[in-house]
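Reader: I have a sequence and a model on screen. Can you walk me through the packing, the sheet and the ligand site?

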Amino acid sequence: MTIEYADLSGQVALITGGAGAIGRAISRGLAGNGVKVVLVDIDEPRLESYSIELGEEFGPRSTLAVKADVRDSEQVREAFAAALREFGRLDILVNNAAATQIKPIDLLSDADIDLILDTNLKGYVRCAREAVRVMKAAGTKGSLLFISSKNGLVGASDKSLYCAAKGGELTLARALAMELGEFGIRVNTICPDAVLEGSGLWEDDDYRQGTAKRYNISEAEIPDYYRDRCALKTNIRPEDVANAALFLLSGQASKITGAIIPVDGGVAFVR
Ligand SMILES: NC(=O)c1ccc[n+]([C@@H]2O[C@H](COP(=O)([O-])OP(=O)(O)OC[C@H]3O[C@@H](n4cnc5c(N)ncnc54)[C@H](O)[C@@H]3O)[C@@H](O)[C@H]2O)c1
């Protein structure tokens, strides 16, 4: 059940990783509030099938799917240009596309370093740069939302690159909140704990096996492990992240910028 934020209606949002679990939940919540959504992803089959699904639910003119790689500045520029051609404005960027990995630092290849930093941290910079160019040119008091991670707040062994990228996203968001406040552009971050349901990150065998090994549990015990370690004894679902996202993007959060909101059932507490 989507919470309603009337002021979102008529806005346009670009969501990177829009075909993934959290991107789908956020875009569905936004579309349910009358926002036109531009889904950006490299996974063409998922992108196509999900945009058809959204179109059937909210109307064919509610959604635009753009295949683009956030590691490529030209493709990012073209994705924003396509959004403007289709909908004529941009109010919201959700930086969400990600790659992850479990590997000790001494085994990292140059390709690993490039993949994780380019997709996560540098991808967030590229998309924020483009969104701010569009918003400043139009005088739009827009909103940027970064999906970071509990791993941006708390280090995890064998995930140093991902932690560094996710921590960088947090600092990037806070710096941009300072820089863009005078233009009325808000920048906030959500840090989820593990979201297992529908997440492509967890479809990777190495990632699941590496996680199980790290906690000395079986793969089947992963959901219980995450549930039992948090204060609320619960698992985090994509919709839980979307609920926080919708609030932060809505006018109800008009005085909130530079915030870091954990959606983790109580694992990493932020001051
Ligand atoms: N699932 C979790 O356990 C979890 C926990 C904490 C934070 N997060 C964060 O939440 C966000 C979404 O994760 P998710 O669980 O929905 O994962 P997901 O794999 O389901 O979605 C990520 C999407 O990003 C896309 N993507 C990857 N590289 C890309 C690129 N170079 N250009 C464009 N798109 C690209 C993928 O195709 C995928 O559709 C990520 O930023 C992730 O770091 C996830």
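Author: What follows is a set of short questions and answers on this predicted model.

Reader: In what order do the seven strands of the open sheet lie?

Author: The pairing in this sheet is parallel. From one strand to the next, the twist averages 15°. Seven strands line up as S3-S2-S1-S4-S5-S6-S7.

Reader: Which strands stand at the edges of the sheet?

Author: An edge strand here has a single partner strand, so one of its sides is left without a neighbour in the sheet. Two strands fit that: S3 (63-67) and S7 (260-263).

Reader: Which residue in S6 is the bridge partner of Leu-145?

Author: Strand S5 covers residues 143-147, and strand S6 covers residues 186-192. They pair in the parallel sense over five bridges. In S6, Leu-145 is partnered by Asn-188.

Reader: Are H1 and H2 roughly parallel or roughly antiparallel?

Author: H1 spans residues 21-32 and H2 spans residues 44-58. Their axes are 11 Å apart and meet at an angle of about 20°. Angles under 35 degrees count as roughly parallel. Therefore H1 is, relative to H2, roughly parallel.

Reader: How many charged residues are in the contact of H1 with H2?

Author: H1 passes H2 in a right-handed crossing. H1 brings Arg-24, Ser-27, Arg-28 and Ala-31, while H2 brings Tyr-50, Leu-54 and Phe-58. By class, four are nonpolar and one is polar, and the number of charged residues is two.

Reader: What is the handedness of the crossing of H3 and H4?

Author: H3 (residues 73-87) packs on H4 (residues 110-138) at about 35°, with the axes 10 Å apart. The crossing is right-handed.

Reader: How many nonpolar residues does the contact of H3 with H4 have?

Author: From H3 come Ser-73, Val-76, Arg-77, Phe-80 and Leu-84. From H4 come Arg-126, Cys-127, Glu-130, Ala-131 and Val-134. One residue is polar and three are charged; the nonpolar ones number six.

Reader: At what angle does H4 run to S4?

Author: H4 lies across three strands: S1 (12-16), S4 (92-95) and S5. Relative to S4, H4 runs at about 175°.

Reader: Which element gives the largest share of the shell around the ligand?

Author: The ligand is surrounded by 27 residues. The closest are Gly-17, Gly-20, Ala-98, Ser-199 and Gly-200. By class, the shell has 13 nonpolar, nine polar and five charged residues. The largest share, three residues, comes from H1.

Key:
Residues numbered from 1 in each chain as written. Predicted model: local features only at pLDDT ≥ 70, side-chain atom pairs only at ≥ 80, totals over all residues. Axes fitted to C-alpha atoms, helices over the stretch in contact; angles between N-to-C directions. Helix = DSSP H or I, 4+ residues; strand = E, 2+ residues; numbered from the N terminus. Parallel < 35°, antiparallel > 145°, perpendicular 65-115°, else oblique. Left-handed = near helix turned anticlockwise from the far one by under 90°. Contact = placed C-beta atoms within 7 Å. Nonpolar A, V, L, I, M, F, W, Y, C, P; charged D, E, K, R; others polar. Near = placed C-beta within 6 Å. Pairing = 2+ DSSP bridges.
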